[in-house]
Amino acid sequence: MGTFSLWHILILFVVLAFIPAIVLIVLLFVVRPSGPNRFGAPSPARSFGEAITVCLSKFVDFNGRASRSEYWWFYLASFLLSLLVSIFARPIIGGMAHIVPHVLLLPGLAAGARRLHDVNRSALWLLLNLTGVGGLALLIVFALPSAGDDQAKVFE
């Protein structure tokens with residue numbers, strides 16, 4: 001039988017890491033939610049400034065829907081702000097670069113939850129970020145077009 005080497009462990013790790021990825025791909029593209037969108041009226045397309053204003057004003061509102069433009073403009077603004085603070089504030093104020101991601105965490109999670117609602121998925125899909133391959137799966141889901149405009153009245 002021989003010995004169990006480091007290569008065997010590496011191969012086992014790679015195989016076990018790709019099984020969740022295959023399951024996620026099946027869930028994303030084969031099993032689609034059916035029926036009307038149950039999360040309310042669709043959100044209109046937003047400009048850069050509108051998206052930032054809306055996402056920061058709804059920073060703890062996990063209900064409703066967010067259009068693709070609203071989510072991606074806010075994501076771009078968050079990325080650019082974090083990049084600018086890490087470049088310019090680090091030499092001057094060392095701890096400032098670590099504060100910005102924490103300040104933008106709740107608005108980012110809320111915008112992500114509303115974006116998932118727009119494609120008719122539960123906000124619990126955000127928990128995929130805790131897995132190794134879940135971030136890629138969520139990236140694909142966030143890029144999907146909005147679900148139909150049919151809406152069920154579940155929040156009334």
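The exercises below concern a predicted model of a single chain.

**Exercise 1. Describe the make-up of the chain: how many helices and strands does it have, and in what order do the elements run?**

Solution.
- Step 1. The assignment gives 6 helices and 0 strands.
- Step 2. Read from the N terminus, the elements therefore follow the order α-α-α-α-α-α.
- Step 3. Burial: 29% of the 156 residues count as buried.
- Step 4. Surface: about 10100 Å² is exposed by the chain, and 74% of that area comes from carbon and sulfur atoms.
- Step 5. Contact range: take the contacts with a sequence separation of 6 or more; residues 24 or more positions apart account for 72% of them.

**Exercise 2. Classify the packing of helices H5 and H6: which term describes their orientation to each other?**

Solution.
- Step 1. Two quantities are needed, since a pair of packed helices is described by the angle between the axes and the distance between them.
- Step 2. H5 covers residues 105–118 and H6 covers residues 134–143; their axes are 9 Å apart and the angle is about 60°.
- Step 3. Angles under 35 degrees count as roughly parallel, and the roughly perpendicular range is 65 to 115. The pair H5 and H6 therefore counts as oblique.
- Step 4. The handedness of the H5 and H6 crossing is left-handed.
- Step 5. On the H5 side, Gly112, Arg115 and Leu116 make the contact, and on the H6 side Leu138, Val141 and Phe142 do.
- Step 6. Sorted by class, the contact of H5 with H6 holds 4 nonpolar residues, 1 polar and 1 charged.

**Exercise 3. Place Leu109 in the structure: is Leu109 buried, partly exposed or exposed?**

Solution.
- Step 1. Leu109 lies in helix H5.
- Step 2. Its relative accessible area is 33%. Buried requires under 20% and exposed over 50%, so Leu109 is partly exposed.
- Step 3. With neighbours within four places in sequence set aside, Leu109 is in contact with Phe62 and Leu126.
- Step 4. For Leu109 and Leu126, the sequence separation is 17 residues, and the C-alpha to C-alpha distance is 7.9 Å.

**Exercise 4. Examine Asn120: where is Asn120 found, and what is notable about its phi?**

Solution.
- Step 1. Asn120 sits in the loop between H5 and H6.
- Step 2. Its phi is near 65°, a positive value in a residue other than glycine.
- Step 3. For comparison, most residues other than glycine have a negative phi.
- Step 4. Asn120 has 4% relative accessibility. The cut-off for buried is under 20%, so Asn120 counts as buried.

Note on methods. Residues numbered from 1 in each chain as written. Predicted model: local features only at pLDDT ≥ 70, side-chain atom pairs only at ≥ 80, totals over all residues. Heavy atoms only, no water. Axes fitted to C-alpha atoms, helices over the stretch in contact; angles between N-to-C directions. Helix = DSSP H or I, 4+ residues; strand = E, 2+ residues; numbered from the N terminus. Parallel < 35°, antiparallel > 145°, perpendicular 65-115°, else oblique. Left-handed = near helix turned anticlockwise from the far one by under 90°. Contact = heavy atoms within 4.5 Å. Nonpolar A, V, L, I, M, F, W, Y, C, P; charged D, E, K, R; others polar. Buried < 20%, exposed > 50% of the residue type's maximum accessible area, 1.4 Å probe, protein only. Areas by Shrake-Rupley, 256 points an atom, 1.4 Å probe, with all protein chains shown as cover.
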